[in-house]
Amino acid sequence: MAKEKVLIVGGGFGGVKAALELADDNRFAVTLVSDHPSLRYYPTLYRNATGGSRANSNIPFDHIFADKKLTVYADTAVSIDRKAKTIKTASKQVLEYDSLILGLGVVTNYFGIAGLEEYSYSIKTNHQAERLEAHLHNQLREDGAPDLNYIIVGAGPTGIELAGALPSYLHKIMAKHDVMDRKVNITIVEAMPRLLPRLPKDVSRAVRRRLKRLGIKLLLGESVQGQTAGSLIVNGKPLASHTVIWTAGVTNNPFFSDNHFVIAGRGKVAVDTYLQTEDNIFIIGDNANTPYSGLAQTALYDGKFVADNLKRRASGKDMKSYKAKRPVTVIPAGPHWAAVVWGKLHLFGFAGWLLRAGADFVGFHDYEPWPKATRQFFTESQVEEDCVVCNTKANYENA
Ligand SMILES: Cc1cc2nc3c(=O)[nH]c(=O)nc-3n(C[C@H](O)[C@H](O)[C@H](O)COP(=O)(O)OP(=O)(O)OC[C@H]3O[C@@H](n4cnc5c(N)ncnc54)[C@H](O)[C@@H]3O)c2cc1C
């Protein structure tokens, strides 16, 4: 019997999970197309920018799919031909499907604010995180002093975890660069009146207290109007800085509007109870208009959900209806401290930190067998920097 051709586009949390679930099932011929050769483990990307191991936030597909029966292409999907049931890629491949799973993730949105794209930093990819880290070091090397202000725009989880990691990291690298230790000014700018606006108020308050203890300044209810080479314009006033990190906006992948998908709330793709947007086209993770889309756990859940349904359908059973699952939110804020929102349970401090470490461990195991996941987890304690000064010093000290 001919195998059902399942084409998965996007090798992120959702797409990779769906591929893993379907790869060894003989009823399916699975192909994964992704424009990046590894799974970006976004939750630990902020550590890439602050001296953490690159490997910790990057799991190559060769590791994940070793011994799995599927075809993987490094390519970018450009268009869809619904009649012919094909996807065309940037390298002009035409890939056929019987069932299509789209999990392309989101892209950065600067809301058209002048100067941001040109001058700001970001931590949405490994490359961007490493670029920020290199900038922090270059500045100390070239100016012999820290920046006047380090500004993070966006008081969501990404902005907070990065802000929390910065003070200790900056002091550490100032010492390595023999720069006189002094106070560093770190500010979070947020347009909403409170930080973590999507989470309960007591969580915002606890994280706010924690950030204050770390010496981080908060500008809440203030909006960014532009950026120049040396400043960020906030509410009409320039704030001097060469280090502005934009974490404040994302928008759905342009593939969907370019290819005339039906868009629902928040710019996400409209889906039915099977996460289907059209016959045999399934949308997962950040792209789908579901209550908790925008989180890694949701993408993973969606990938498994669609894979399970395809298996059910291949067995002649009815597909199950989607039930959105409220994810556990864990937000680290500085060394050994995290806020956890687990339904009605709100936990802060070291216990939250331990829970986050456990979540990462389990998170890696979602994509790799235990021995590999364990190795991946322990890369967390490794230090990795590209700075000539720091590396020369480390080599000298270790000699
Ligand atoms: C810095 C950061 C920290 C985060 N921290 C957390 C956290 O702590 N907890 C949490 O739950 N969530 C977190 N998130 C959100 C989480 O990472 C996303 O919700 C999750 O990655 C969504 O999974 P996905 O499969 O939908 O998309 P993604 O994981 O983004 O994967 C999409 C993949 O598709 C590829 N792609 C895009 N366009 C194309 C194309 N046209 N053709 C081929 N391939 C394409 C992309 O390169 C990418 O590899 C964080 C996000 C960021 C940016």
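What follows is a chat about a predicted model of a protein with a bound ligand.

Me: What are we looking at in terms of helices and strands, and is this predicted or not predicted?
Reply: It's a predicted model. The protein has 12 helices and 23 strands.

Me: What are its dimensions along the principal axes?
Reply: The C-alpha trace spans about 70 × 50 × 45 Å.

Me: And how does the radius of gyration stack up against a compact globule?
Reply: The two agree, because a compact globule of 399 residues would come out near 21 Å and this protein has 22 Å.

Me: How much of the protein is buried?
Reply: 41% of the 399 residues count as buried.

Me: What about contacts across the sequence, what share joins residues at least 24 apart?
Reply: 64%, taken among contacts between residues at least 6 apart in sequence.

Me: Which domains does the assignment give?
Reply: Domain 1 is 4-35 + 75-108 + 250-314, and domain 2 is 116-248 + 329-393. Their C-alpha centres lie 31 Å apart.

Me: How many residues touch across the two?
Reply: 5 residues of domain 1 are in contact with 4 residues of domain 2. On the domain 1 side, H1 gives the most, with 3 residues. That side divides into 3 nonpolar, 1 polar and 1 charged.

Me: OK, H1 then. Is that helix mostly covered or mostly uncovered?
Reply: Mostly covered, with 10 of its 11 residues buried. Among the buried ones are Phe13, Val16, Lys17 and Leu20.

Me: What sits over them?
Reply: The cover includes strands S1 (4-9), S2, S3 (38-40) and S9 (99-102), plus helices H3 (61-64) and H9.

Me: Switching to the ligand: how many residues surround it, and which are closest?
Reply: 33 residues surround the ligand, and the closest are Gly10, Gly12, Gly105, Gly285 and Ala299. By type, the shell divides into 14 nonpolar, 15 polar and 4 charged.

Me: Which elements supply at least two residues of that shell?
Reply: Helices H1 (13-23), H6 (157-176) and H9 (296-314) each do, and so does strand S2 (28-34). H1 therefore turns up twice in our chat, since it also gives the most residues to the domain 1 side that touches domain 2.

Me: And which domains does the shell draw on?
Reply: Domain 1 and domain 2, with at least three residues from each.

Me: Let's talk cores. Which residues have the most contacts inside the largest nonpolar one?
Reply: Val6, Ile8, Ala19, Leu22, Ile101, Ile284 and Val306, in a core of 51 residues. Both domains give residues to this core, so it lies between them. Apart from it lies another core, of 50 residues, including Tyr121, Ala163, Val244 and Ile331.

Me: Why would nonpolar side chains gather like that?
Reply: In soluble globular proteins, nonpolar side chains tend to be buried together.

Me: Zoom in on Ile8. What does it touch?
Reply: Leaving out residues up to four places away in sequence, Ile8 touches Gly15, Ala18, Ala19, Val30, Leu32 and Ile101. Of those, Gly15, Ala18 and Ala19 are among the buried residues of H1.

Me: Last one, Ser257. Where is it?
Reply: Ser257 is in helix H8, residues 254-258.

Me: Why does Ser257 count as partly exposed?
Reply: Because Ser257 has 13 other C-beta atoms within 10 Å, and partly exposed means falling between 12 or fewer for exposed and 20 or more for buried.

Me: How far is Ser257 from Pro332?
Reply: Their C-alpha atoms are separated by 34 Å, and the two are 75 residues apart along the chain.

Definitions and conventions:
Residues are numbered from 1 along each chain as its sequence is written. This is a predicted model: local features need pLDDT of at least 70, side-chain atom pairs count only at pLDDT 80 or more; totals for chains, interfaces and linings use all residues. A residue is near a molecule or strand if its C-beta atom, placed from the backbone, lies within 6 Å of it. Helices (H or I, at least four residues) and strands (E, at least two) are DSSP runs, numbered from the N terminus. Ala, Val, Leu, Ile, Met, Phe, Trp, Tyr, Cys and Pro count as nonpolar, Asp, Glu, Lys and Arg as charged, and the others, Gly among them, as polar. Domain bounds come from an automatic or database domain assignment. The radius of gyration is taken over C-alpha atoms; the globule rule is 2.2 Å times the number of residues to the power 0.38. Two residues are in contact if their C-beta atoms, placed from the backbone, lie within 7 Å. A nonpolar core is a set of buried Ala, Val, Leu, Ile, Met, Phe, Trp, Tyr and Cys residues joined through C-beta atoms within 7 Å.
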